[in-house]
Amino acid sequence: MNSHSLSTSPDETPDLNLRGTLIRTLFILVVGLIGVYIVGMSGAHSYSPGEILHYLFKTAPAAVQSTINYYLDKVFYKYDFWAVLASTGFLMIIAVALALLVFEVFYYWKKAGNFRAGMRETSLYRFAFGSKSERTDLYLFLYYALSLDGLIVMALGLLGPFLIFALLVNNVHIGIGQYLPTWASFLLFILVADFLAYWFHRFAHTTSVLWELHKFHHSATSMNLLTAHRNHPFEVAMQYPLRAIPIILVGPSVPEFLVYTAIHHAIILLQHSNFNVSFGWFDRVIVSPRFHLLHHSSKPDHFDRNYAVVFAFWDDLFGTRYKGEDIQPEYGVTANYFNQRGFGFDMWAPFKRFWRGIFRKPIKLG
Ligand SMILES: [Zn+2]
Ligand SMILES: [Zn+2]
């Protein structure tokens with residue numbers, strides 16, 4: 001019926017085969033780097049790796065100052081994605097979330113044929129009358145929507161990753177996009193950003209210390225639109241330096257960056273909603289709710305599958321797509337210590353376990 005059931009039977013789920021996929025990734029990176037080098041050679045505005053290093057160290061004090069200035073004076077800089085992200089980007093996130101929350105009400109109303117019965121299925125109802133897990137989703141959404149992550153992370157002294165992001169984005173510019181037509185530049189930007197998101201997510205599952213943080217995202221025992229934002233702030237902080245890479249490499253315009261933010265945001269919200277639907281053949285291209293809901297499943301058959309964030313084909317390329325028949329996920333993690341002792345505990349425990357892991361036993365097997 002759908003594209004999932006075509007390929008293999010459930011017990012033929014392939015092994016993770018990390019080595020093979022790392023070799024493929026390395027190959028793509030090498031080809032990519034050669035490409036970057038060739039394009040870089042042809043333009044007067046690009047920098048060699050040596051120049052980038054020099055630039056980094058030389059301009060560090062200015063970058064630190066610009067970040068502090070932003071928080072003190074809310075000053076916009078010429079190419080300051082940090083500022084754009086922290087202001088307009090988050091307003092858009094709220095708007096997209098609200099639109100989808102309202103859409104859910106109408107969708108379930110129509111489906112149930114009765115407003116009250118339909119309402120019980122919606123994310124809105126769950127936040128008001130639901131479990132602790134659902135309440136946690138709401139807290140975290142408000143936290144990110146109000147852009148508190150930057151401020152709180154700074155307050156906690158975890159400034160590093162944010163500073164690296166601001167420093168890189170404001171001072172290093174390769175900008176392959178300027179040699180390409182607008183559509184190609186935009187596509188390349190999304191592809192690079194999403195490729196990195198796939199790999200960060202995969203490492204978050206296969207590296208024990210990162211898993212301690214990412215486990216919080218997976219500890220949700222029911223899914224709804226806002227589960228998308230149920231991320232540990234420290235895990236989000238660590239992704240910031242990574243987010244600088246596509247901006248530096250491709251150099252999108254501010255509107256392009258905002259369009260990407262909106263698309264990315266709509267897709268991550270949808271994929272966490274409790275509509276367990278696939279997009280049919282389009283599942284090959286874009287991550288559907290079913291694709292990601294299976295990623296959240298606590299059934300061992302579904303483990304370590306479907307890491308992609310926006311484009312689903314990364315999982316085909318790197319051999320991690322779930323190809324089994326079982327499309328009924330069960331949500332949560334094994335030994336789920338979350339959702340019981342309060343929000344503060346749920347925030348603190350992963351953080352503590354992360355650092356304990358750093359100093360004791362870094363790598364999980366398998
Ligand atoms: Zn995950
Ligand atoms: Zn998720």
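Me: UniProt positions follow the numbering used here, and annotations may be inferred rather than shown by experiment. With that in mind, which residues does UniProt list for "transmembrane region"?

Reply: This is a predicted model, so let's keep record and model apart. The unreviewed UniProt entry lists residues 21–40, 81–109, 141–168 and 180–200 as "transmembrane region". In the model, residues 180–200 are 90% helix and 0% strand. The C-alpha atoms at the two ends of that stretch are 27 Å apart.

Me: How many helices and strands does the chain have?

Reply: There are 15 helices and 0 strands. Of the 366 residues in the chain, 32% count as buried. Among contacts between residues at least 6 apart in sequence, 73% join residues at least 24 apart.

Me: What span should α12 have, and what distance separates its end C-alpha atoms?

Reply: The general idea is to allow 1.5 Å a residue, so the 19 residues of α12 should span 27 Å. The end C-alpha atoms of α12 are 27 Å apart, which agrees. While you are looking at α12, find its buried residues: F257, H265, I267, L269, L270, Q271 and H272.

Me: How do I read a pair of packed helices? What about α9 and α10?

Reply: Two packed helices are described by the angle between their axes and the distance between the axes. Here the axes of α9 and α10 (residues 208–218) come within 6 Å and cross at roughly 105°. Angles of 65 to 115 degrees count as roughly perpendicular, and α9 and α10 are therefore roughly perpendicular to each other. At their meeting place, F203, A204 and H205 in α9 meet L210, W211 and H214 in α10.

Me: At what angle do α10 and α15 cross?

Reply: The axes of α10 and α15 (residues 343–359) cross at roughly 175° and come within 8 Å. That makes α10 roughly antiparallel to α15. On the α10 side, S208, V209, E212, L213, K215 and F216 take part, meeting D346, P350, R353, F354, G357 and I358 in α15. One distance to look up is S208 to G357: they are 149 residues apart along the chain, yet their C-alpha atoms are separated by 7.3 Å.

Me: Is α10 largely enclosed or open?

Reply: Count its buried residues. In α10, 9 of the 11 residues are buried, so this helix is largely enclosed by the rest of the structure. The buried ones are V209, L210, E212, L213, H214, K215, F216, H217 and H218. Their cover includes α9, α11 and α15. S208 also lies in α10, but with 17 C-beta neighbours inside 10 Å it counts as partly exposed. The cut-off for buried is 20 or more.

Me: Which residues touch the most other members of the largest nonpolar core?

Reply: In soluble globular proteins, nonpolar side chains tend to be buried together. In this model the largest nonpolar core has 36 residues, and Y198, V287 and A308 touch the most other members. Two or more residues each come from α3 (81–112), α6 (132–145), α9 (182–206), α11 (233–250), α12 (254–272) and α13 (289–295). The largest share, 6 residues, comes from α9.

Me: Which residues does Y198 touch?

Reply: Leaving out residues up to four places away in sequence, Y198 touches Y307, A308, V309 and W314. There is also a second, separate core of 18 residues, which includes V172, A204, V209 and F234. You have already met two of its members: A204 from the contact of α9 with α10, and V209 among the buried residues of α10.

How values were computed:
Residues are numbered from 1 along each chain as its sequence is written. Chains are lettered from A and ligands numbered from 1 in the order in which they are written. This is a predicted model: local features need pLDDT of at least 70, side-chain atom pairs count only at pLDDT 80 or more; totals for chains, interfaces and linings use all residues. A nonpolar core is a set of buried Ala, Val, Leu, Ile, Met, Phe, Trp, Tyr and Cys residues joined through C-beta atoms within 7 Å. A residue is buried if 20 or more other C-beta atoms lie within 10 Å of its own, exposed if 12 or fewer, and partly exposed in between; C-beta atoms are placed from the backbone. Helices (H or I, at least four residues) and strands (E, at least two) are DSSP runs, numbered from the N terminus. Two residues are in contact if their C-beta atoms, placed from the backbone, lie within 7 Å. The expected span of a helix is 1.5 Å times one less than its number of residues. Axes are lines fitted to C-alpha atoms, for helices over the stretch in contact, and angles run from 0 to 180 degrees between N-to-C directions. Angles under 35 degrees count as roughly parallel, over 145 as roughly antiparallel, 65 to 115 as roughly perpendicular and the rest as oblique.
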